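Q: I am new to this model and would like a close look at a single part of it. Could you take me through it step by step?
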Amino acid sequence: MQPRIPRQSAPEHGIHRAENDARLSDELASVIGGARRRAVRDGDRQIDTAHLLHSLLESDPEARAVFGDGPRIARLLGYLVQRSIGYGLRWQSAVEDSGAVPVVAECAGFSPLAAASMEYACELAARRGGPARGIDLLAAIVVDQQARAVEVLARAGIDPREVLARLGGRPGRTGEWAGGSEAAP
């Protein structure tokens, strides 16, 4: 059986593989690889923001720390796990796109909203003067209320505005996310 998300290893075809993007930290590149594997395993057509959130929580301690320990993180991970066994099956036939963001064509294999989130994470990191990290991507995926990651957060009882506020209050942060809009970047 051939995976639904094409293996994007041929740069001569004009396909940009996000894991090889110099604007990403090594840790974030690993998170993206994990999201890609999850999407393929789940039989999803594209990597969406919920795949990215799940991989962030599994692989990035700094992003995971934003949610704290205890029942909140357990409930959130439970919803993310359920997407492959029923909760997210309705998403398999639809592309994640809120219509609020321009489509980023260079991130083949990503939903339009996930691709835009990747670009926004890189913009946030560029303002800071470094490669994009997991917390940059976390901030980017929770700003659009139509994102699947935001839907999962809401089902788990976590307000995305609270996530943005926590990110804005982290040491070394300028607070640029804390006042972020509810719409996409």
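To begin with, about how much area does the chain expose, and what percentage of it do carbon and sulfur atoms supply? After that, please look closely at helix 5.

A: Happy to! This is a predicted model, where local features need pLDDT of at least 70 and side-chain atom pairs count only at pLDDT 80 or more, while totals for chains, interfaces and linings use all residues. Residues are numbered from 1 along each chain as its sequence is written, and side-chain values use heavy atoms, leaving out hydrogens and water.

The chain exposes about 8500 Å², with 51% supplied by carbon and sulfur atoms (Shrake-Rupley method, 1.4 Å probe). It contains 8 helices and 0 strands (DSSP runs, H or I of at least four residues for helices and E of at least two for strands, numbered from the N terminus).

Now to helix 5. Its 17 residues reach 25 Å from the first C-alpha to the last, close to the expected 24 Å (1.5 Å times one less than the number of residues). Of these 17 residues, 13 are buried, meaning under 20% relative accessible area with a 1.4 Å probe, protein chains only.

What does helix 5 help to build? The largest nonpolar core has 48 residues (buried Ala, Val, Leu, Ile, Met, Phe, Trp, Tyr and Cys joined through side-chain atoms within 4.5 Å). Helix 5 gives this core its largest share, 9 residues. In general, nonpolar side chains tend to be buried together in soluble globular proteins.

Just after helix 5, Gly-129 takes a positive phi of about 90 degrees.

How values were computed. Buried < 20%, exposed > 50% of the residue type's maximum accessible area, 1.4 Å probe, protein only.
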